Amino acid sequence: MLNRVWVSIFALAISSTSWAQASTAPRTGMLPEYWASGIKQAFGTAYESYDSQGQYSAQSPSAPISKVWFTVANGILTEVYWPTLDRPQIRDLQFLVTDQRDFFWDERRDAVSRVEWLEIGVPAFRITTQDIGGRFVIEKIVFTDPDRDVVRMKVRFTPRVAGLHVYLLTNPTAGGTPMSNHAVTSSSQLAPGDGLFAWDQDQAQALVASIPFLKSTTAFSGSQDPYQDLVKNFDLKQQYSEAWDGNVVLAAELPVDTQPEFELALGFENSITKAYELAQASMSRPFHDALEQFSSQWRGYQSSLMDLAPQSLDSGVRFRASTAMLKSMEDKTYAGAVVASPTIPWGNHQADWSRHNDP
């Protein structure tokens with residue numbers, strides 16, 4: 001409670017200074033917390049090996065240990081967990097598309113998506129999302145940095161009609177407590193660089209892109225959030241640079257007309273500055289190189305197992321997928337601790353979009 005009071009006082013103090021020109025989002029109509037669908041299409045993390053004492057540590061052959069996990073549902077990135085497998089740091093991250101006149105598209109419900117393993121037994125995935133109307137295709141490759149607490153994503157947007165605008169929308173749940181989050185965008189004096197930032201006490205996140213944002217905003221989930229702005233106005237007409245102590249949403253427009261292929265990095269640390277530096281450090285490494293390290297470590301794990309493929313009816317496809325999923329469900333702070341399911345609520349399905357996405 002004291003931390004929240006201190007942050008609120010700090011927010012009021014900086015808003016009254018001459019150098020801080022930040023616009024603060026109003027709290028009107030803020031919705032309570034909710035979570036993404038429990039029916040997951042994909043789940044992944046970097047493979048990490050034990051040290052000589054059967055623990056995860058700096059002495060592990062695969063150190064430094066990456067303690068971040070991601071999930072996919074309805075073709076989009078859903079809960080991402082850090083630094084333990086019971087601490088969701090985002091609810092979801094998706095793309096929205098408009099023509100800025102009379103057309104609005106939601107990646108979760110206006111598309112047909114296909115999720116594929118890049119390689120069986122290696123939990124990195126290709127997600128192909130096709131607009132039902134045939135106007136564009138979005139292709140994504142997602143995995144985690146094997147050496148950092150960062151989720152990496154490569155995106156290609158292929159339009160088939162002119163005049164489309166693409167927006168990135170993320171719903172943070174920093175610290176696993178979505179009702180007490182703080183958020184800032186690039187235009188805030190508190191932002192360490194170009195990106196979307198959220199935190200709760202000492203658990204922080206930074207979402208950065210390899211291309212510049214055309215505009216960005218944050219608000220509280222509800223009637224005045226960026227999603228509703230796009231539904232009603234087909235553009236981000238309301239732009240706020242800060243939102244304090246609540247259920248926050250962040251969004252940005254991306255220049256896909258000139259740069260249709262780009263990367264995203266979502267990093268986690270104990271401050272937004274460190275999270276930003278971590279995400280940028282991860283993205284400075286070529287995407288293919290990081291993916292190959294991720295894949296080779298999982299291949300090594302798979303090769304260490306007794307091969308049951310000859311006894312299967314599908315050449316070992318389910319066997320390799322199952323072993324990867326079971327290993328991914330182990331926590332990397334408490335060796336041997338295994339989560340029941342990487343979902344909230346555990347394994348149940350809920351129509352998460354109905355509470356937030358309807359105008």
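Contact here means heavy atoms within 4.5 Å, and that is the sense in which one element is said to lie across or touch another below. The model is a predicted one. Its chain has 359 residues, of which 56% count as buried, and it holds six helices and 17 strands. Among contacts with a separation of 6 or more, 69% link residues that sit 24 or more positions apart.

A good place to start is the open sheet of nine strands. Reading across it, the order is S6-S7-S8-S9-S17-S13-S12-S11-S15, and the pairing is antiparallel. At its edges are strand S6 (111-119) and strand S15 (242-246), each of which pairs on one side only. From one strand to its neighbour there is a turn of 15 degrees on average, direction ignored. Strands of a sheet pair through backbone hydrogen bonds, in either a parallel or an antiparallel way. One pair in this sheet joins strand S11 (residues 181-185) to strand S12 (residues 196-200) in the antiparallel sense, with four bridges between them. Here Thr185 stands opposite Leu196 in S12.

Two helices lie across strands of this sheet. Helix H3 (residues 272-284) covers strand S9 (150-159), S11, S12, strand S13 (203-209) and strand S17 (261-269), and runs at about 40 degrees to S13. Helix H4 (residues 287-303) lies across S6, strand S7 (122-131), strand S8 (136-144), S9 and S17, running at about 130 degrees to S7. At 1.5 Å a residue, the 17 residues of H4 should span 24 Å, and the end C-alpha atoms are indeed 24 Å apart. Plenty of H4 is tucked away: its buried residues include Phe287, Leu291, Phe294, Trp298 and Tyr301.

Helix H5 (residues 317-328) can be checked in the same manner. Its twelve residues should span 16 Å at 1.5 Å a residue, and the 17 Å between its end C-alpha atoms agrees with that. Among the buried residues of H5 are Phe319, Ala321, Met325 and Lys327. The buried part of H5 packs against strand S1 (42-45), strand S2 (69-73), S6, S7 and H4.

How do H4 and H5 meet? Two packed helices are described by the angle between their axes and the distance between the axes. For H4 and H5, the angle is about 110 degrees and the axes are 11 Å apart, which makes H4 roughly perpendicular to H5. On the H4 side the contact is made by Trp298, Tyr301 and Gln302, while H5 brings in Arg320, Thr323, Ala324, Lys327 and Ser328. By class, that contact has three nonpolar, three polar and two charged residues.

Elsewhere in the chain, strand S14 (residues 215-220) has five of its six residues buried, so this strand is largely enclosed by the rest of the structure. S14 runs antiparallel to strand S16 (residues 248-254), and six bridges join the two. In this pair Lys215 stands opposite Glu253 in S16.

Finally, there is Arg160, found in the loop between S9 and strand S10 (165-172). Arg160 has a relative accessible area of 54%, over the 50% cut-off, so this residue is exposed. Leaving aside residues up to four places away in sequence, Arg160 touches Gly134, Arg135, Phe136 and Val137. Arg160 and Phe136 are 24 residues apart along the chain, yet their C-alpha atoms are separated by 5.2 Å.

Notes. Residues are numbered from 1 along each chain as its sequence is written. This is a predicted model: local features need pLDDT of at least 70, side-chain atom pairs count only at pLDDT 80 or more; totals for chains, interfaces and linings use all residues. Side-chain values use heavy atoms; hydrogens and water are left out. Two strands pair if DSSP finds at least two bridges between them. Axes are lines fitted to C-alpha atoms, for helices over the stretch in contact, and angles run from 0 to 180 degrees between N-to-C directions. The expected span of a helix is 1.5 Å times one less than its number of residues. Buried means under 20% relative accessible area, exposed over 50%, partly exposed in between (1.4 Å probe, protein chains only). Angles under 35 degrees count as roughly parallel, over 145 as roughly antiparallel, 65 to 115 as roughly perpendicular and the rest as oblique. Ala, Val, Leu, Ile, Met, Phe, Trp, Tyr, Cys and Pro count as nonpolar, Asp, Glu, Lys and Arg as charged, and the others, Gly among them, as polar.
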